[in-house]
Amino acid sequence: MKVEKVLRAAPDEFFGVIEHSLRYEIEKYGGKAEGTYELCEGFCYDKKIRYKKKEYRMQTELKAFRPPHSYRVLMKSDLGNASVSYEILPNGEDEIRVIYREDTCDEDGNMNTSFGRELFGKMQAGRVKRRLSRMEKYIGSQRMD
């Protein structure tokens with residue numbers, strides 16, 4: 001699934017929200033203490049997830065971390081593998097174009113999205129656009145006037 005949206009934000013502001021969220025997840029669910037890890041390509045952490053009353057272990061690997069331009073993770077679990085990425089591009093003055101991708105993939109991160117997943121992904125696109133809009137609103141609320 002691919003979603004593109006133009007936001008009123010600077011690239012570093014938007015990437016800062018992604019980084020803050022990632023650090024929160026690593027520390028809360030991955031069990032790492034603040035300051036004991038470095039965000040870089042190849043960094044991995046494990047977390048437990050619950051799905052349909054079962055608990056699964058998920059390994060998350062940072063495949064790309066290039067502030068403020070791109071971010072990509074590969075998540076592996078017994079439920080399957082998925083890749084999530086953000087690409088942040090300048091789009092005129094005070095705007096960025098965000099390209100969000102979410103796909104199922106093999107162990108190496110190569111996409112293998114099925115037709116059914118593509119169809120389901122189109123239904124999820126609205127959810128992603130709303131999340132991006134909430135991120136934009138949060139960034140606006142954090143600015144000093």
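Me: What makes helix α1 and helix α2 stand at opposite ends, lowest and highest, in the confidence of the protein chain?

Reply: This is a predicted model, and pLDDT is the predictor's confidence in each residue, from 0 to 100. Helix α1 (residues 11–28) has the highest mean in the protein chain, at 95, whereas helix α2 (residues 115–142) has the lowest, at 78. Where pLDDT is low, the predicted coordinates should not be read in detail. For the protein chain as a whole, the average pLDDT is 87, and 89% of the residues score at least 70.

Me: Where do the helices fall in the order of elements along the protein chain?

Reply: Read from the N terminus, the order is β-α-β-β-β-β-β-α, which comes to two helices and six strands.

Me: Why is C40 called partly exposed?

Reply: Buried means under 20% relative accessible area and exposed means over 50%, with partly exposed in between. C40 has a relative accessibility of 31%, and therefore it counts as partly exposed. C44, at 29% relative accessibility, is partly exposed because its value also lies between those cut-offs.

Me: How do you know that C44 has no bond to the sulfur of C40?

Reply: A disulfide requires a pair of cysteine sulfur atoms within 2.5 Å. The closest cysteine sulfur to that of C44 is in C40, at 9.6 Å, so the two are too far apart for a bond. By this rule the count of disulfides is zero, and C40 is in no disulfide, since the nearest cysteine sulfur, that of C44, is 9.6 Å away.

Me: What percentage of the residues in the protein chain is buried?

Reply: Of the 145 residues in the protein chain, 36% are buried, that is, under 20% relative accessible area.

Key. Residues numbered from 1 in each chain as written. Predicted model: local features only at pLDDT ≥ 70, side-chain atom pairs only at ≥ 80, totals over all residues. Heavy atoms only, no water. Helix = DSSP H or I, 4+ residues; strand = E, 2+ residues; numbered from the N terminus. Buried < 20%, exposed > 50% of the residue type's maximum accessible area, 1.4 Å probe, protein only.
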